[in-house]
Amino acid sequence: MRVREAGFTLVEALIAVVIAAILVAIAMLPAGGVRDSWAVVNARNGYIWLSARAKMVAVERGSTARLIIDPATDRAWVVHSTSDTITTLNFVDEFSADVTTATGDSIRVCYSSRGFALESCNTGGLPIVITFSRGTKQVQARVQPLGLVESL
């Protein structure tokens with residue numbers, strides 16, 4: 001009489017691994033859309049934070065601060081004087097998100113020492129709409145005349 005040892009055969013173990021891999025792949029498909037949604041929301045929130053930082057720099061230093069958004073490089077930065085860059089944000093590196101503007105050109109938003117967006121300094125006037133996208137997901141932020149940045 002032959003005694004059978006307990007355990008799984010190699011074929012049974014391979015079948016279990018293949019089934020697990022298929023289930024994980026099916027579960028990951030919707031997660032890609034969620035990652036894209038979170039990436040664009042976080043990119044927009046990063047821009048809103050950068051705008052608040054520009055206002056804060058203008059008020060702290062008592063003079064105009066500029067927030068520059070360049071859709072060609074997907075970057076934004078705060079500048080106080082001609083050579084004093086305060087903060088830089090790269091949307092592709094940080095969030096894997098693309099930035100677009102209505103004109104496709106760089107946008108400059110200037111904040112006065114009182115924290116208001118200056119109509120005369122801003123490229124194309126106010127309000128300014130900036131779109132953040134990744135995959136099929138996209139969100140927008142709008143800079144209002146008094147410097148308020150709102151989510152759309």
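Begin by selecting strand 1 (residues 65-70) together with strand 5, which pair in the antiparallel sense over 5 bridges; two strands count as paired if DSSP finds at least two bridges between them, and strands (E, at least two residues) and helices (H or I, at least four) are DSSP runs numbered from the N terminus. What you have open is a predicted model, in which local features need pLDDT of at least 70 and side-chain atom pairs count only at pLDDT 80 or more, while totals for chains, interfaces and linings use all residues. Residues are numbered from 1 along each chain as its sequence is written, and side-chain values use heavy atoms, with hydrogens and water left out.

Stay on strand 1 and pick Leu67, which stands opposite Val109 in strand 5 and opposite Val78 in strand 2. Strand 2 (residues 75-79) also pairs with strand 1 in the antiparallel sense, over 5 bridges, and the two form a hairpin with 4 residues between them, where Asp74 in the turn has a positive phi of about 55°. Of the 6 residues of strand 1, 5 are buried, so this strand is largely enclosed by the rest of the structure; buried means under 20% relative accessible area, exposed over 50%, and partly exposed in between, with a 1.4 Å probe and protein chains only.

Now widen the selection to the open sheet of 4 strands to which these belong, with the order 3-2-1-5 and antiparallel pairing. Its edge strands are strand 3 (85-90) and strand 5 (107-111), each of which pairs on one side only.

Next, select the other open sheet, where 4 strands follow the order 4-6-7-8 with antiparallel pairing. Strand 4 (98-101) and strand 8 (149-151) stand at its edges with a single partner strand each, so one side of each is left without a neighbour in the sheet. Within this sheet, 7 bridges join strand 6 (residues 128-134) to the antiparallel strand 7 (residues 137-143), and Ile128 has Val143 in strand 7 as its bridge partner.

From there, move to Gln144, which is placed in the loop between strand 7 and strand 8. Leaving aside residues up to four places away in sequence, Gln144 touches Ala117, Leu126, Pro127 and Glu150, where contact means heavy atoms within 4.5 Å. The side chains of Gln144 and Glu150 are also joined by a polar contact of 2.6 Å (a pair of N or O atoms within 3.5 Å; within protein, one must be able to donate a hydrogen and the other to accept it, and residues adjacent in sequence count only if both atoms are side-chain atoms).

Finish with the aromatic rings, where the count comes to 3 pairs; rings of Phe, Tyr and Trp (its six-membered ring) pair if their centres lie within 6.5 Å, with planes under 30 degrees apart counted as stacked, over 60 as edge-to-face and the rest as tilted. Select Tyr47 and Phe132, a tilted pair at 6.0 Å centre to centre with 45° between the planes. This pair links distant parts of the chain, with Tyr47 in helix 1 (residues 10-61) and Phe132 in strand 6, 85 residues apart. Tyr47 counts as buried at 0% relative accessibility, and Phe132 is buried with a relative accessible area of 0%.

Then add Phe91 and Phe95, a tilted pair at 6.2 Å centre to centre with 35° between the planes. Ring pairs link Tyr47, Phe91, Phe95 and Phe132 into a cluster.
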